[in-house]
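Student: I am new to this structure and should be grateful for a close look at its salt bridges. Please take me through them in a connected account.

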Amino acid sequence: RTRCSQSCSWRRKFPCAESLLTRTRCCFIRTLKSSPNQLGGLEEERRKPLCQHRAKLKDLEVAELRDSDVHVKMLAAPINPADINMIQGTYAILSPLPAVGGNEGVGEVLEVGHRVTALKPGDWVIPAGAGVGTWRTQGVFPEEMLLKVPSDIPVLCAATLSVNPCTAYRMLADFETLAPGDSVIQNAANSGVGQAVIQIAKASGIKTINVVRDRPDLPKLVERLMALGADHVITEEMLRKPEMKDIFKSIPKPRLALNCVGGKSTTEMLRHLLAATFHRCHTGKGHTGLTRVHGSLSPQSTFIFRDVRLRGFWMTQWKKDHAQDQESLTSMMDALCQLIRRGQLTAPACTEVPLQDYKAALEATMKPFTSSKQILLF
């Protein structure tokens, strides 16, 4: 028996759902797909409590192990904003319904088919891509859907490795040549990606200016981000004040800006960028995964006279684009695991939740000013 969180027509359309063909307990998610002619009708439905109307635990059967399959016992799996988007039907990829929820997590290999060569019982594995369905106690997956990770790193680090740290690593490495002493600026700095950016940049000698929303526990949040290695933590209001000039007396203007908020926060970060640099938009803290930069908020002069470039980034697309380049994926994972081993990269602030309490975890993920990632334990 196993537990998992699942959505509805999976046997025919969703390959990874074959792992649910023996008795297992799942959180059954009745996700709604959105289309242009459905959006209006869905708005009222989305206002309803998410967990009450679209998710429930369900017992299913675990699949028979085939020659190229791997039987995995899940250890831990986070709830990310993208998971909420998929339940709401607003994410860029949607699994045929129903499907097991969760795109990230770590499990231990229990058994392998006789054609499996890269994995053995006792190995730790994480999903190689999105849509695997990790909110379950166990499952049977094709070998190619899994990626081996070292078992000598903390389980929470392994469970949260494939999305936020990878996103942070790629954004810091791929779009601007950064050297020790350079600086980057980011909003939603308390998000999972933001915390990873702070730590990876610190390990590389790169300074970070970190923007967060004002909140009642702001001093506590600032203290936590500074402990991770942040050089400056400021509010969005501070970002718009002349006092920002004082920051640039001690560190250079940023060569890279990382944005997952949009609006005025984006505009103000653009103003502080060094000329001829990148402004990077990524799916992060915001539950819609959308970034809006309106012409009235983003002065054309920033792009025309200072040659600031704006690009989008989605880790799922990067993995698709590099599906035939396993060396790039392996080298990134090795670099991140080395940082973890050296204590230079830790898991984001987490709240560990037993699977049976998944409703509370889903609701907590959607609350404002959330700085702790909900991790389902099995």
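Tutor: The account below follows the salt bridges one pair at a time and then turns to a pocket.

The model is a predicted one. It holds 10 salt bridges, and a few of them are described here.

One of them joins Asp 152 to Arg 341, with the closest N and O atoms 3.0 Å apart. This pair connects distant parts of the chain, since the two residues are 189 residues apart. Asp 152 belongs to the loop between strand 8 and helix 5 (155-159), while Arg 341 is in helix 14. Asp 152 has a relative accessibility of 53% and therefore counts as exposed, the threshold for that class being over 50%. Arg 341, at 39%, counts as partly exposed.

A second salt bridge stays within a single helix. Arg 170 and Asp 174 both lie in helix 6 (residues 164-174), four residues apart, or about one turn of the helix. Their closest N and O atoms are 2.7 Å apart. Arg 170 is buried because its relative accessible area of 10% is under 20%. Asp 174, by contrast, is partly exposed, with a relative accessible area of 34%.

A further salt bridge is formed by the side chains of Glu 176 and Arg 255, at 2.9 Å from N to O. Glu 176 is in the loop between helix 6 and strand 9 (183-186), and Arg 255 is in the loop between helix 10 (244-247) and strand 12 (256-259), so the pair ties together parts that are 79 residues apart in sequence. In this pair Glu 176 counts as buried, at 10% relative accessibility, whereas Arg 255 counts as partly exposed, at 25%.

Salt bridges also occur as a network, which links Lys 120, Asp 123 and Lys 148.

The pocket to be considered is the second largest, with a volume of about 320 Å³. Strand 8 (146-149), helix 13 (315-321) and helix 14 (326-341) are the elements that give two or more residues to its lining. Helix 13 gives the most, with four residues. In total the pocket is lined by 15 residues, and those nearest its centre are Ala 128, Gly 129, Lys 319, Ala 323 and Gln 326. By class, the lining divides into eight nonpolar, four polar and three charged residues. Helix 14 thus appears in both parts of this account: it contributes to the lining of this pocket, and it holds Arg 341, the partner of Asp 152.

Note on methods. Residues are numbered from 1 along each chain as its sequence is written. This is a predicted model: local features need pLDDT of at least 70, side-chain atom pairs count only at pLDDT 80 or more; totals for chains, interfaces and linings use all residues. Side-chain values use heavy atoms; hydrogens and water are left out. On a 1 Å grid over the protein atoms alone, a cavity is a set of points where a 1.4 Å probe fits but cannot get out, and a pocket is an open set with protein on both sides within 12 Å along at least five of seven lines; lining residues have an atom within 4 Å of a point. Grid points are joined across faces, edges and corners, and a volume is the space filled by probe spheres set on the points. Ala, Val, Leu, Ile, Met, Phe, Trp, Tyr, Cys and Pro count as nonpolar, Asp, Glu, Lys and Arg as charged, and the others, Gly among them, as polar. A salt bridge is a side-chain nitrogen of Lys or Arg within 4 Å of a carboxyl oxygen of Asp or Glu. Buried means under 20% relative accessible area, exposed over 50%, partly exposed in between (1.4 Å probe, protein chains only).
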